[in-house]
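Visitor: Please show me the model, and I will ask how its terms are justified.

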Amino acid sequence: MKLGTLLKTTAVVITTLAATSLPGSAEEKTLDIGVSDALTGGAAVYGLPQKNAVQMAADEINAEGGVKVGEDNYMLNVIAYDDKANPTEATNAVRKLIDRDGVKYILGFCCSGSTAAVASFIGNEDAVMLVGNAAERSITTLGLSNLTRTRPPADYTGAAAGKFVADKGFKRVAVLGALDVSFYASYVDAFEKSLKAGGGEVITRESFSLKDRDMTPQLTKIRGMNPDALLVVGYVEPAAFIYRQAVELGIDVPRFGFTSGSEEQFLSVASDEQMEGVWDLRPTELTLLSTTDNGIAYHKNYSEKFGAAPSPSSPYAYDQVYALKHALEKAGTVDDTEAVAEALRELPIPDEAVMQYLPVDGRLFDANGQAYTSNGAFQWQKGNWVFVQDLPSDPKAYSEFLSSLH
C-alpha cells in the first residue's frame, strides 16, 4: 500500500473511532464563546492581550477534556471580533455574535465606552456578558443579572490612590489626564476627595485626547504652577509620552499614574531612565515580581504562546473563561443562560484565577455582578514595575455603595 493511501485509511479509522460514542461515555460537543474587544487602534494595548488570554484559557480547558456539562463534554471555540473600542463597532460585533453566530457567552470588553454601549441592550438578550478591563462604574449599576465584571471600578481605586499620595505628604498635585473619558474622570474625582481629606489639593486639571502625543503645552503650564507632584491618567502610550516629556522639560517632581501598562509597552516610548521612579496606583493586577504561582505560570505560558509578555490587566479576561467554565458545569446546561448567570453569581473564587480577588460574602462576584481585587502601589525601579505596598481596599463597603446606586 502506498504511504498516502495508508495515511488516508488510518485517518478514516481514527475519525470513525472518535465519532463513535461508547455506551455510558460522554459525548464531545463544541460550545462557541464570543470575544468583543479592541484588537486594533490605541486601545489594543488592553484588548489584544485580553483576546489572547481568552484563547489561552480555552486551549487549556480543551486540553484537559473541555467543559463537562451533564453527560456531555464541550470543547470551547473562540469567535473574536475587533470592536476598536468604539461603541458602534462593539454593538455591531455583539449583534453579529448573537444573531449570526448564535453565541450566548460573550467575553473581553477592555474599554468603557464600547462596553457601556453593549451593556445598554444586553439585558434584553438571551446571552451572558462577562466584562474584563473596562472600569466605568455604571457598567455594574444597571441591575443586569446577565452581566459580570472582573475588574473593579475606577473610583474604587482612585480613592485609595488619593489617600496614598496624601499620606506621603504631597499637598499640591497637578492632574494631566484623558478627562473626557468618564472612568478616568471618576478616578480623579475619587482621588481628589481623598487627597483633600488628607490635607492636600488638586491645583489644576489639564486634559488631553487619547490620540494626542505632544503634551508639552499642558506640561509647560503645570511646570509654571510649581506642583508637589503630578498625576497622569490615561492609556499607556500617551502616558508614556507624558512621563518622557516631563523629564525633557525638567519637571522634577514625583509622578503618579493610573495606566496598567507593561514594561515593554512603556519602553516602546520612554527610556528606562525617563521612567525611573514613576508610580502606578491601580488594582493589584499581574506584576511578575508580586504575583502568585498561578500568575507566574500564566506569565510563562502567555509569553511562550504569543512571543510577548502579557499586559498586567489581561488576566481579567483569562479569569472570565474559568469562571464561565465552572458556572456552566454548576448550572448543568449551556442553553439556559439565566441558570448560568445565576451560577456565576454564586461562584467562589476559581482555583485557576490569576488575579488576587477579594471575595464578598465568600463569592467572586457580589450582588451587582462585580468582582474586586486589592489595590496596589507599584513603582518603576531599574526597568521593572515593583510592588511596593497594598492600598486600602474595602470591597464589602464599596459593594454596598454600588448597590445603593441602582
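Visitor: What makes the approach of Asp 336 to Glu 338 at the start of H13 a polar contact?
Guide: In this predicted model, a side-chain oxygen of Asp 336 comes to within 3.2 Å of the backbone nitrogen of Glu 338. A polar contact is a pair of N or O atoms within 3.5 Å, within protein one able to donate a hydrogen and the other to accept it, and residues adjacent in sequence count only if both atoms are side-chain atoms; therefore the pair qualifies.

Visitor: What lies behind the numbering and the values?
Guide: Residues are numbered from 1 along each chain as its sequence is written, and side-chain values use heavy atoms, without hydrogens and water. Local features need pLDDT of at least 70 and side-chain atom pairs pLDDT 80 or more, while totals for chains, interfaces and linings use all residues of the predicted model.

Visitor: Which residues of H13 are called buried, and what do they pack against?
Guide: Helix H13 (residues 337-346) has Thr 337, Val 340, Ala 341, Ala 343, Leu 344 and Arg 345 buried, that is, under 20% relative accessible area with a 1.4 Å probe, protein chains only. They pack against strands E4 (105-108), E5 (128-131) and E6 (147-149) and helix H12 (315-331), with contact meaning heavy atoms within 4.5 Å.

Visitor: Why are E10 and E11 called paired?
Guide: Strands pair if DSSP finds at least two bridges between them. Strand E10 (residues 255-258) and strand E11 (residues 279-283) have two bridges, in the parallel sense, so they meet the criterion. Phe 256 stands opposite Trp 279 in E11.

Visitor: What makes E8 and E13 edge strands?
Guide: The open sheet has seven strands in the order E8-E7-E9-E10-E11-E12-E13, with mixed pairing. Strands E8 (201-207) and E13 (384-391) each pair on one side only.

Methods: Buried means under 20% relative accessible area, exposed over 50%, partly exposed in between (1.4 Å probe, protein chains only). Helices (H or I, at least four residues) and strands (E, at least two) are DSSP runs, numbered from the N terminus.
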